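Follow the chain from a kink to the surface around it. Keep the model open as you read.

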Amino acid sequence: RRVHGGTPLLTKMNVLRLASRSSVLQKAIPRRAAHPEDSFAKWWGKHVHLNGVTSRHVSPYETNFMGGLFANWQEKAVHRITDNAPYVGPGLLVFLAVILGGEELHHQEARHHWS
């Protein structure tokens with residue numbers, strides 16, 4: 001836009017001058033690092049080196065993520081049954097009583113006319 005035929009209002013220099021004064025505009029204009037290693041300073045600044053701790057990447061071929069699933073499965077099954085028996089037991093007893101009692105009542109009612 002020009003003001004009364006004069007110089008444009010928003011020239012590149014005017015925008016840069018405004019950006020240097022405004023913190024909002026400073027954040028909006030991306031700045032490049034002078035050297036590539038300067039941009040890594042923030043990234044590597046978060047890296048913490050631990051002395052005495054060995055860390056390495058493990059290949060998927062070195063992992064055994066399903067190994068513990070089937071190891072000692074008999075002991076695990078007994079442990080799970082005994083731990084959950086107080087919670088499952090009463091409901092299971094009521095279920096069996098309804099099924100078996102209902103079967104018996106059905107047979108008695110179905111054969112009532114036989115005698």
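Helix α5 bends by about 70° at alanine 85. The bend is the angle between axes fitted to the seven residues ending at a residue and the seven starting there. A proline, proline 86, follows within four residues. The end-to-end span tells of α5 too. Its 38 residues, 73–110, would cover 56 Å as a straight helix at 1.5 Å a residue, yet the end C-alpha atoms of α5 are only 46 Å apart. The expected span is 1.5 Å times one less than the number of residues.

This is a predicted model, where local features need pLDDT of at least 70, side-chain atom pairs count only at pLDDT 80 or more, and totals for chains, interfaces and linings use all residues. Numbering runs from 1 along each chain as its sequence is written, and side-chain values use heavy atoms, without hydrogens and water.

How confident is the predictor? The protein chain averages a pLDDT of 76, and 64% of the residues score at least 70; pLDDT is the predictor's confidence in each residue, from 0 to 100. Confidence is highest in α5, at 94, and lowest in helix α2 (residues 23–28), at a mean of 55.

The protein chain has five helices and zero strands. These are DSSP runs, numbered from the N terminus: helices are H or I, at least four residues, and strands E, at least two.

Just ahead of α5, asparagine 72 sits in the loop after α4 (67–70). Its phi is positive, about 55°, although asparagine 72 is not a glycine.

Buried residues make up 1% of the 115 in the protein chain. Buried means under 20% relative accessible area, exposed over 50%, partly exposed in between (1.4 Å probe, protein chains only). Leucine 96 lies in α5 and counts as partly exposed, at 39% relative accessibility. Asparagine 72 is also partly exposed, at 47%.
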